[in-house]
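Q: Please take a close look at one part of this structure, the salt bridges, and set that part against the rest of the chain. A connected account is preferred to a list.

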Amino acid sequence: MSIAVMTDEAAVWLVNGTPARMVWDGVRYRVTDTPTPLTEDAWCPALTHAAARIIGWRFQGTTAGGQSMMFDIVEGDQGWRVLRVYD
């Protein structure tokens, strides 16, 4: 397995708040598993424990030709970015 680390932009379509498809590097991917939320702790002085907030997703994307890869994506101020790709 190889892991590529990058910060490429992607177009992501959500269904009920989770990724359903993505276009990245000119290729369309369908989400073919259950996306896993990527979280970080969100602290508030009123809380006794940190609350986890979703900052992105990990999912398997599959092309029309059947090639599958795992993606880590995060949403920022300027849209979605692909952080890591596992093939």
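A: A salt bridge here is a side-chain nitrogen of Lys or Arg within 4 Å of a carboxyl oxygen of Asp or Glu. The model is predicted. By that criterion, R84 and D72 form a salt bridge, with their closest N and O atoms 3.6 Å apart. This pair brings together distant parts of the chain, since R84 is in strand β7 and D72 is in strand β6, twelve residues apart.

D72 has a second partner. Its side chain also meets that of R58 in a salt bridge, at 2.6 Å from N to O. Here too the pair links distant parts of the chain: R58 belongs to strand β5 (residues 51–62), D72 to strand β6, and 14 residues separate them. The salt bridges that share partners thus join R58, D72 and R84 into one network.

The accessibility of the three members can be taken in turn. D72 has a relative accessible area of 1%, so D72 counts as buried, the limit for that class being under 20%. R84, with a relative accessible area of 34%, is partly exposed. R58 is also classed as partly exposed, at 31% relative accessibility. The network therefore joins a buried Asp to two partly exposed Arg residues, R58 and R84.

What else surrounds D72? With neighbours within four places in sequence left aside, D72 is in contact with L38, W57, R58, R81, V82, L83, R84 and Y86. Both salt-bridge partners, R58 and R84, are on that list. So is R81, which takes part in a salt bridge of its own, described next.

R81 pairs with E9, and the closest N and O atoms are 3.7 Å apart. R81 lies in strand β7 and E9 in strand β1, so this pair, 72 residues apart, again links distant parts of the chain. R81 is partly exposed, with a relative accessible area of 32%, whereas E9 is exposed, with 54%. A search of the whole structure gives three salt bridges.

Now the strands that carry these residues. Strand β6 (residues 68–76) and strand β7 (residues 79–86) pair in the antiparallel sense over seven bridges. The two strands form a hairpin, and two residues lie between them. Within this pairing, F71 in the position before D72 stands opposite V85 in β7. The salt bridge between R84 and D72 therefore links the two strands of the hairpin through side chains.

Residues of the hairpin also turn up in the nonpolar core. In soluble globular proteins, nonpolar side chains tend to be buried together. The largest nonpolar core of this model has 14 residues, and those with the most contacts inside it are M22, W24, F59, F71, I73 and V82. At least two residues of this core come from each of β1, β2, β3, β5, β6 and β7. V82 is on both lists: it has a place among the core residues with the most contacts and is in contact with D72.

The wider chain gives the setting. The chain has seven strands and zero helices, and from the N terminus on its elements run β-β-β-β-β-β-β. Of its 87 residues, 29% count as buried, and D72 is a buried residue. Among contacts between residues at least 6 apart in sequence, 39% join residues at least 24 apart. The accessible surface of the chain comes to about 5700 Å², of which carbon and sulfur atoms account for 51%.

Two loop residues away from the network deserve a note on backbone angles. Most residues other than glycine have a negative phi. N16, which is not a glycine, has a positive phi of about 55 degrees. N16 sits in the loop between β1 (3–15) and β2 (18–24), and at 80% relative accessibility N16 counts as exposed. D25 is the other such case given here, with a positive phi near 55 degrees in a residue other than glycine. D25 is found in the loop between β2 and β3 (27–31). At 65% relative accessibility, D25 counts as exposed, whereas D72 is buried at 1%.

Conventions: Residues are numbered from 1 along each chain as its sequence is written. This is a predicted model: local features need pLDDT of at least 70, side-chain atom pairs count only at pLDDT 80 or more; totals for chains, interfaces and linings use all residues. Side-chain values use heavy atoms; hydrogens and water are left out. Helices (H or I, at least four residues) and strands (E, at least two) are DSSP runs, numbered from the N terminus. Buried means under 20% relative accessible area, exposed over 50%, partly exposed in between (1.4 Å probe, protein chains only). Contact means heavy atoms within 4.5 Å. Accessible areas come from the Shrake-Rupley method with a 1.4 Å probe; for residues, only the protein chains shown count as cover. Two strands pair if DSSP finds at least two bridges between them. A nonpolar core is a set of buried Ala, Val, Leu, Ile, Met, Phe, Trp, Tyr and Cys residues joined through side-chain atoms within 4.5 Å.
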